[in-house]
Amino acid sequence: MLNRKKFQINKSPYYFLLLLLFFNSLLLSQEKKIHFEVLSNPDIRDSWWLEKNNFGIKPNGIDFRLKWNTERQKIKYTFDVISQKDGSYLRESFIKYSFSDKTVLRTGKYYRDFSNYLNDELSSGHMLISKNSQPMPKIGFITSKYVKRNESLNFDFGISHAIFDKNEFYNRPPMLHEKFLYINVNKKDFELSMGFVHEAMWGGSTIDDGSQPDSFSDFLRVFIAEDRKKEDYGSIPSDPGWHPNAIGNHLGIWDISFKKRNKSKITMLYYQHFFEDTSGLRFANKWDGLWGIELINYIEKTNILFEYIDTTNQNINPPYVNDAYYNHTVYKGGWSYKGYTIGNPFLTHNGINPSKVIHVGVSGPILNKYFYTIKASRKINTTDFIKYHLAIKKEISINHMLNFLVFNNDEEIGIGLSLSKIL
């Protein structure tokens with residue numbers, strides 16, 4: 001695991017409490033509210049669902065969390081921090097400015113502006129940007145455009161720029177280029193969406209290969225995933241079948257979702273087809289990616305989610321289809337940020353691990369003022385144990401919530417507890 005730089009507020013949780021009191025007095029004077037949580041984690045810190053999709057934060061004995069949200073006219077402020085005994089870490093924290101209800105500029109540390117259908121609390125994780133790593137420093141612009149002659153049809157577009165971390169592979173951190181385009185059909189009882197998302201690591205300087213192309217003209221080449229020029233290489237291989245790769249590390253998804261409404265019942269179907277080059281873009285890696293279905297209110301106030309992940313076709317026809325998902329020859333840190341995989345945690349950024357995974361997530365109420373969340377996953381193409389996470393919440397009062405947590409690591413079981421309060 002890579003060394004992680006930490007956003008240092010203070011190394012002592014007691015100073016975090018002082019910060020809490022400061023924000024409390026500040027926000028109460030503005031009639032605002034903040035969320036405060038104390039979490040006691042179990043001893044088995046290597047439990048799969050204790051660490052995965054945990055915002056890139058290694059669980060400690062006791063975690064303190066402070067989240068603050070406020071809006072003023074067109075500006076939204078979000079501040080979310082976790083404090084442990086050895087440091088503090090920012091989760092999603094940003095400023096969001098709305099030019100209109102369809103056009104937004106956001107800057108800070110945040111995850112993504114696409115695939116809004118995905119239930120991140122129950123899902124195994126988005127194929128490109130999940131909540132498995134810390135959010136990257138990013139600035140992004142998104143907008144939506146309706147077709148005048150057909151009000152049920154609209155397009156969503158977004159473009160972002162972000163920075164990776166400096167680590168044992170990079171003496172100058174690479175940059176991230178991100179863009180997406182969706183076409184959406186919105187009818188009375190259903191919604192259909194098809195999108196294309198493109199991510200590219202580029203620029204920076206690596207320990208092994210030195211500085212990478214990072215001029216504005218290079219950015220334009222990254223934007224269209226153009227092949228490298230001969231001068232980008234120190235030497236050209238003599239293999240007559242050799243073909244230059246695109247400048248940077250490119251990956252993306254075809255993103256398809258369908259939402260059907262039947263009174264209070266909602267059926268959500270989605271598919272994220274993953275690719276890392278033009279072969280995957282043309283589905284030469286077959287149907288690799290994330291398949292999902294979520295049933296909402298089929299049982300009152302209950303969400304039921306099923307997902308299937310297949311990444312076994314990434315190396316089916318080398319050299320034509322010869323991918324190692326989330327890995328890269330030049331950017332040896334792969335698709336990771338501060339040592340954690342940025343996308344779905346069942347894929348690794350530091351090795352090839354083709355797999356087929358079944359994942360289930362369920363959440364809903366139990367009796368009065370009790371709520372539960374269950375996540376369970378298992379690889380089905382190899383010997384594996386069921387990885388599960390159970391959370392039971394009890395609403396003590398309007399502003400207080402008690403959360404009982406159960407995690408496993410094979411046959412080992414750990415129990416955690418959290419208390420949250422809205423001030």
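Let's start with strand β3, residues 75-84, which pairs with strand β5, residues 93-98, in the antiparallel sense over four bridges. To find this pairing in the predicted model, look for Thr78, which stands opposite Phe94 in β5.

From there, follow β5 onward. A hairpin of five residues joins β5 to β6, and strand β6 covers residues 104-110. These two strands run antiparallel, with six bridges between them. A handy landmark here is Ile95, which stands opposite Thr107 in β6. Strand β5 thus has pairings with β3 and with β6. As a reminder, strands of a sheet pair through backbone hydrogen bonds, either parallel or antiparallel.

Now move further along the chain to another set of strands. Here three strands form an open sheet in the order β9-β12-β13, with antiparallel pairing. Its edge strands are β9 (170-172) and β13 (210-211), each of which pairs on one side only. Strand β12, residues 205-206, is joined to β13 by two bridges, and in this pairing Ser205 stands opposite Ser211.

With those pieces in view, step back to the whole protein chain. It has four helices and 24 strands. Of its 423 residues, 48% count as buried. Looking at contacts between residues at least 6 apart in sequence, 55% join residues at least 24 apart. As for the surface, the protein chain exposes about 21100 Å², and carbon and sulfur atoms supply 58% of that area.

Key. Residues are numbered from 1 along each chain as its sequence is written. This is a predicted model: local features need pLDDT of at least 70, side-chain atom pairs count only at pLDDT 80 or more; totals for chains, interfaces and linings use all residues. Side-chain values use heavy atoms; hydrogens and water are left out. Buried means under 20% relative accessible area, exposed over 50%, partly exposed in between (1.4 Å probe, protein chains only). Contact means heavy atoms within 4.5 Å. Accessible areas come from the Shrake-Rupley method with a 1.4 Å probe; for residues, only the protein chains shown count as cover. Two strands pair if DSSP finds at least two bridges between them.
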